[in-house]
Amino acid sequence: MLDPLAYLHEQLEQWRREGSYQRLRVLESESAAESRFDGRQVINLASNNYLGLTTHPKLREAAIEATRKYGVGSGAVRTISGTMSLHLALEERIAAFKHVEACVVFQSGFAANSGTVAAILGPEDHIVSDELNHASIIDGARLSRAKIHVFPHKDVVAASRILAELESGPGRKLLITDGVFSMDGDIGPLPGLVEAAERYGAIMMIDDAHSSGVLGRNGRGTVDHFGLHGRVPIQVGTLSKAIGVLGGYVCGSRDLIDFLYHRARPFLFSTSHPPAVAAACLAAFDVLEQEPERIQLLWDNTRYFKSCLSSLGFDTGLSETPITPVITGDAALAHQLSRELFEEGVLATGIGFPTVPKGKARVRTIVTSTHTRHDLDCALEALSKVGKRLGLIAK
Ligand SMILES: *Cc1c(COP(=O)(O)O)cnc(C)c1O
């Protein structure tokens with residue numbers, strides 16, 4: 001009998017031939033500035049653990065204590081019997097931190113984005129979306145069946161033009177952007193977009209996955225960074241990156257959150273976080289407020305690493321945040337750079353199509369507050385050595 005899934009094997013073979021096939025690297029220690037992957041101790045430039053919270057003693061203790069007290073699972077989806085007091089405490093904590101009325105936590109940032117966009121819009125509505133927005137936004141837009149209008153990256157004029165054309169027509173309009181773009185590390189043009197949304201009566205939504213814990217006072221995100229409080233009705237954040245744990249959240253009005261309680265499908269149809277996750281996230285918000293020096297260190301490291309990479313002559317694109325791409329263009333070259341860096345003791349992932357457009361392949365680096373200057377210097381030394389060998393920078 002012919003295997004009806006044989007086409008998958010053929011596709012995988014093609015990716016192997018093209019050099020874009022990726023084996024999963026296996027982490028054999030904690031996720032930290034230096035970690036063990038595939039039996040080798042390396043400097044980890046590939047995590048989103050911006051503030052080192054994955055191993056923070058307070059989060060660890062909170063998770064253990066919650067597990068002792070409440071067990072390992074919530075037992076149900078939120079709307080049946082899986083809403084624990086810890087979930088509500090976390091939502092209240094985040095709402096207060098973000099200076100908004102209410103918050104709902106999802107199982108992931110991906111679920112928060114896709115669940116929210118799909119819930120609040122229908123086929124008669126419009127989504128105006130930056131071309132580099134995260135996959136979870138794109139999926140949510142598709143699930144909503146609203147009409148999708150993509151504008152060129154960070155082009156406020158183009159976004160405004162689309163909104164102007166839609167203004168007199170039927171349907172609701174959602175203007176949506178990443179706060180920080182995950183592959184390029186540049187910051188969305190929020191002031192201009194917010195103004196356009198207000199002018200044309202569109203709903204403004206921001207995905208702050210890479211800005212939560214990174215930008216704004218104590219890591220409150222891009223709305224705080226730009227002083228736009230009260231002008232962005234939907235803010236999404238993640239608990240899986242700087243917060244160090246797992247989850248996503250939506251912040252906004254009480255009505256928005258109540259509506260999502262009733263219609264967001266990941267909320268309705270997928271089990272809520274284990275107590276350990278909710279408790280560790282709660283502890284993380286205490287740390288954000290009590291240990292602001294972590295964010296200071298993150299930005300000190302970011303400035304140092306970026307300026308050294310540029311001095312070496314690498315193409316690092318337009319990044320303004322701790323995410324710094326080393327752009328190679330060719331995907332096979334990006335994967336080769338990543339492999340050779342690993343041999344030199346540095347983990348930085350090669351990223352190609354479809355995560356980034358064809359011809360824009362790169363190795364993405366992310367520094368954290370916990371990298372020492374020595375870590376960064378070793379990583380730069382490796383980048384310099386391999387970059388020269390592969391002809392990415394001058395000898
Ligand atoms: C990582 C990321 C998400 C998804 O967050 P998870 O909590 O990992 O599911 C959403 N949006 C952007 C821009 C991201 O970078």
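Author: Welcome! Helices (H or I, at least four residues) and strands (E, at least two) are DSSP runs, numbered from the N terminus. This is a predicted model, in which local features need pLDDT of at least 70 and side-chain atom pairs count only at pLDDT 80 or more, while totals for chains, interfaces and linings use all residues. Residues are numbered from 1 along each chain as its sequence is written, and side-chain values use heavy atoms, with hydrogens and water left out.

Reader: Let me try one residue. Where is the place of Arg294?

Author: Arg294 belongs to helix 12, which covers residues 293-312.

Reader: Which residues is Arg294 in contact with, leaving aside its neighbours within four places in sequence?

Author: Contact means heavy atoms within 4.5 Å. For Arg294, the list is Leu51, Gly52, Leu53, His56, Val287 and Ser369. A polar contact is a pair of N or O atoms within 3.5 Å; within protein, one must be able to donate a hydrogen and the other to accept it, and residues adjacent in sequence count only if both atoms are side-chain atoms. The Arg294 side chain reaches the backbone oxygen of Leu51 at 2.8 Å, and it also makes a polar contact with the side chain of His56, at 3.5 Å.

Reader: Now the sheets, please. What order has the open sheet of three strands?

Author: Strands of a sheet pair through backbone hydrogen bonds, either parallel or antiparallel. Two strands pair here if DSSP finds at least two bridges between them. The three-stranded open sheet has the order 10-13-12, and its pairing is antiparallel. Strand 10 (323-329) and strand 12 (349-351) stand at the edges with a single partner strand each, so one side of each is left without a neighbour in the sheet. From one strand to the next, the twist averages 30°; axes are lines fitted to C-alpha atoms, for helices over the stretch in contact, and angles run from 0 to 180 degrees between N-to-C directions.

Reader: How many bridges join strand 12 to strand 13?

Author: Three, with strand 13 spanning residues 361-366. Follow Thr349 across and you arrive at its bridge partner in strand 13, Arg364. In the loop between these two strands lies Pro354, and the peptide bond leading to Pro354 from Phe353 is cis, with omega near 10°. Helix 13 (residues 331-343) lies across strand 10, strand 12 and strand 13, at about 35° to strand 13.

Reader: And what order has the open sheet of seven strands?

Author: That open sheet runs 3-9-8-7-6-4-5, with mixed pairing. Its edge strands are strand 3 and strand 5 (147-151), each pairing on one side only. Here the twist averages 20° from one strand to the next. Strand 8 (residues 234-238) and strand 9 (residues 248-252) pair in the antiparallel sense over four bridges; Gln235 has Cys251 as its bridge partner in strand 9. Helix 3 lies across strand 3, strand 8 and strand 9, at about 125° to strand 3. Between helix 3 (85-98) and strand 3 (102-106), look for His99 in the loop: its phi is near 60°, a positive value in a residue other than glycine.

Reader: Last stop, the ligand. How many residues surround the ligand?

Author: A residue counts as near a molecule if one of its heavy atoms lies within 4 Å of it. There are 15 around the ligand, the closest being Gly109, Asp207, Thr238, Ser240 and Lys241. Helix 4 (residues 109-120) supplies the largest share of this shell, three residues. A polar backbone atom of Gly109 is 2.7 Å from a ligand oxygen atom, and a polar side-chain atom of His210 lies 3.1 Å from an oxygen atom of the ligand.
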